[in-house]
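Here are a few exercises on how the parts of a protein sit against each other. Grab a pencil and have a go before reading each solution.

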Amino acid sequence: MRAASRRAAAIGLAACAASACGQNGGNGRNGGNGVEDAATVQEVMAARGLSEEDLLAAAKTYLPSGKLDEYVMLTSGGQSGHLLVIGVPSMRIIKYVAVFSPEPWQGYGYGGLGDEVLYGQGQRGKKRLAWGDTHHPALSETGGDYDGEFVFLNDKANARIAVIDLRDFVTRQIVANPLIVSNHGATFVTPGTEYVVEGGQYPAPLGGGYAPLSAYEDEYRSAVTFWKFDRAKGRIDEDASFAIELPPYMQDLADAGKLASDGWVFLNSFNTELYPGTRGIEGQPPLESGASQNDMDYLHVIDWRKAERLVQEGRAREIAGIRVLPLEVAARERVLTFVPEPKSPHGVDVTPDGTAIVVSGKLDTHCTIYEMSKIKDLIERGQFAGKDRYGVDVLDFPSTIRGQVQVGLGPLHTVFDDKGNAYTSVFLDSTVNRWSYERLDQPVEAIPVHYNVGHITAVEGDTVSPGGRFVVAMNKLSQDRFVEVGPLYPQNFQLIDISGPKMRLLYDMPLPLGEPHYAQIMRADRLETVQVYSPPGVNSYTGELVPGAPTAGEERIERNGRKVDVYMTVIRSHYTPDTIEVNEGDEVTLHITNIEQATDQTHGFTVDMYNINLSLEPGKYEEVRFIADTPGVFPMYCTEFCSALHLEMAGYFLVKPKGAR
Ligand code: CUK
Ligand code: CUA
């Protein structure tokens, strides 16, 4: 027994299984022996047991020092509440962007101006929300292509949406949806980013409040919200936004139509059984099985342009401050139409040309491909197969489809390339399947992935002009892929080369920060970022120059009774002033400008024991307000190694105890 497993047993954990023990202990899989003497590629291959295919994969992903990635992948950070930026094809992590959770390196949530975004505008309920369950980032689009300006991100757990500005990758806005209590079909944008779409998931009384589960069918509802995006301001305009009331089915993923389907939004659903769980009644099945009885659920087909018009005509009523188009109006005016979809679907994805909608059923082995022209035609002609219990028209399933493609067990999500191919993640089979969405009779090619792939993402693969070349399988499980680090495993992102006639696996990347769901891959040259805030004194959370932000020569400490205002500048390698003395109980406001204008000259700032930490990028302004309630001597210092005299970049914050002379 190896020492490590003896210790694990001794502390009451299960001794690691044979497979795991072998793995960390040099079973040859990390194969390094002899490589130090290898002088040629052939010798390295022999020493490390690499095949030609391995070398090819390395050559396709490796970037020599100083070379940049062609693409950036923006991925949700799952339960971490962050957004991640990863270079493709190198799969190097470039940045975590703090969105719904505090992040000390970025000084987000530790006393500075980011607190207003994180703990101010994004709050709802009585508990302070300090995390998000992020699923789907959506890059802003112009004409159905990514434009590199903004990215939106949802928080499923608290029904919130964030706006991140891609000029500096800073979260500018968090909007809480007062109508619903959870979302999932979020975020998705219309092709011109007119709206950021947020579909609800678990129904509840609209606008909050209580209703017993016995009133589920009558009083519980869902909604899809169309958040109006004001591009010039870079903000969601809540007053110009609206929602559509939906039946209390559990809505799942969404996608916006484009080109041939522009003006429409598609939203999946499950639990058309309207089963609310056991309600504590003995013998009732759990929600899982109660919600999986019907053979078909409803694809929600939403005419958002018509909805927008009806709202402008005053047909909405206001709930919790949002204009909501009532379900009966949406049904009568055919803003909302249903198309049956195979049992408990998950992903709904519109093809690049907008002519078809691919729905993948978790409990079905097919992808169902709906034809937009058929759906539109039937709606226009008023030809319906029936109505649901809420009066929504239901189309005839066979009349709406282009066809079905058998892909395997548990298809989830589909993305596209530039050659008319679709790529579907197949969860239970653990494969990525390539098939033609134009010629449904073409054979399906499968490549195994490791393991249990959720979402899948392709280069610009959900736009009107996909880039091809790479797909990333976002796998849920990673056992036996990486060195074991305990029972919580990373996710495994696998980079797949799709450029050739056969798909090839290139790279495994552990993703150890939450469980990302969706990601988008964009050409890196679409980004136009700022390197410094100029002129100095910019609040990075508003993007605006702050009047009165301290500049060189204007540093001072102003006292007004119990209020102390400190106007400080920061430059290599000192704070001015570097001594602040206040009295216990004083209300202190620090106004700090990093007056550096040189690239990459970031300083940090902390006041020890006061839970304050700031990141001061060149030109950034920060403001911290707090009560000096703990007397004592507290070093303030720079938390970013910025110069040879970084350790000297410090000072003292002194709090004189009450009654001291
Ligand atoms: S997802 Cu949200 S449960 Cu398949 Cu888009 Cu992971
Ligand atoms: Cu400034 Cu370290």
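Domain bounds here come from an automatic or database domain assignment. Keep in mind that this is a predicted model.

**Exercise 1.** List the domains that the assignment gives, with their residue ranges.

*Solution.* Start at the low numbers: domain 1 covers 3-61. Next comes domain 2, written in two pieces, 71-277 + 291-526. Finally, domain 3 takes in 538-656.

**Exercise 2.** Work out how far apart the centres of domain 2 and domain 3 are, and how many residues of each are in contact.

*Solution.* Take the centres over C-alpha atoms, and you get 41 Å between domain 2 and domain 3. Now look for contacts, meaning heavy atoms within 4.5 Å. On one side, 16 residues of domain 2 take part, and they meet 17 residues of domain 3.

**Exercise 3.** Find the area buried between domain 2 and domain 3, then say which residues of domain 2 lose the most.

*Solution.* The buried area comes to about 1,200 Å², with carbon and sulfur atoms giving 49% of it. On the domain 2 side, the residues losing the most area are Y110, L113 and R172, which together make up 43% of what that side buries.

**Exercise 4.** Describe the polar links between domain 2 and domain 3, and the make-up of the domain 2 side.

*Solution.* First, count salt bridges: there are zero. Then count residue pairs in polar contact: there are five. Two elements, α5 (114-121) and β7 (170-176), each give two or more residues to the domain 2 side. The largest share, three residues, belongs to β7. Sorted by class, that side has seven nonpolar, six polar and three charged residues.

Methods: Residues are numbered from 1 along each chain as its sequence is written. Chains are lettered from A and ligands numbered from 1 in the order in which they are written. This is a predicted model: local features need pLDDT of at least 70, side-chain atom pairs count only at pLDDT 80 or more; totals for chains, interfaces and linings use all residues. Side-chain values use heavy atoms; hydrogens and water are left out. Buried area is the accessible area (1.4 Å probe) that two parts lose on being put together, summed over both. A salt bridge is a side-chain nitrogen of Lys or Arg within 4 Å of a carboxyl oxygen of Asp or Glu. A polar contact is a pair of N or O atoms within 3.5 Å; within protein, one must be able to donate a hydrogen and the other to accept it, and residues adjacent in sequence count only if both atoms are side-chain atoms. Helices (H or I, at least four residues) and strands (E, at least two) are DSSP runs, numbered from the N terminus. Ala, Val, Leu, Ile, Met, Phe, Trp, Tyr, Cys and Pro count as nonpolar, Asp, Glu, Lys and Arg as charged, and the others, Gly among them, as polar.
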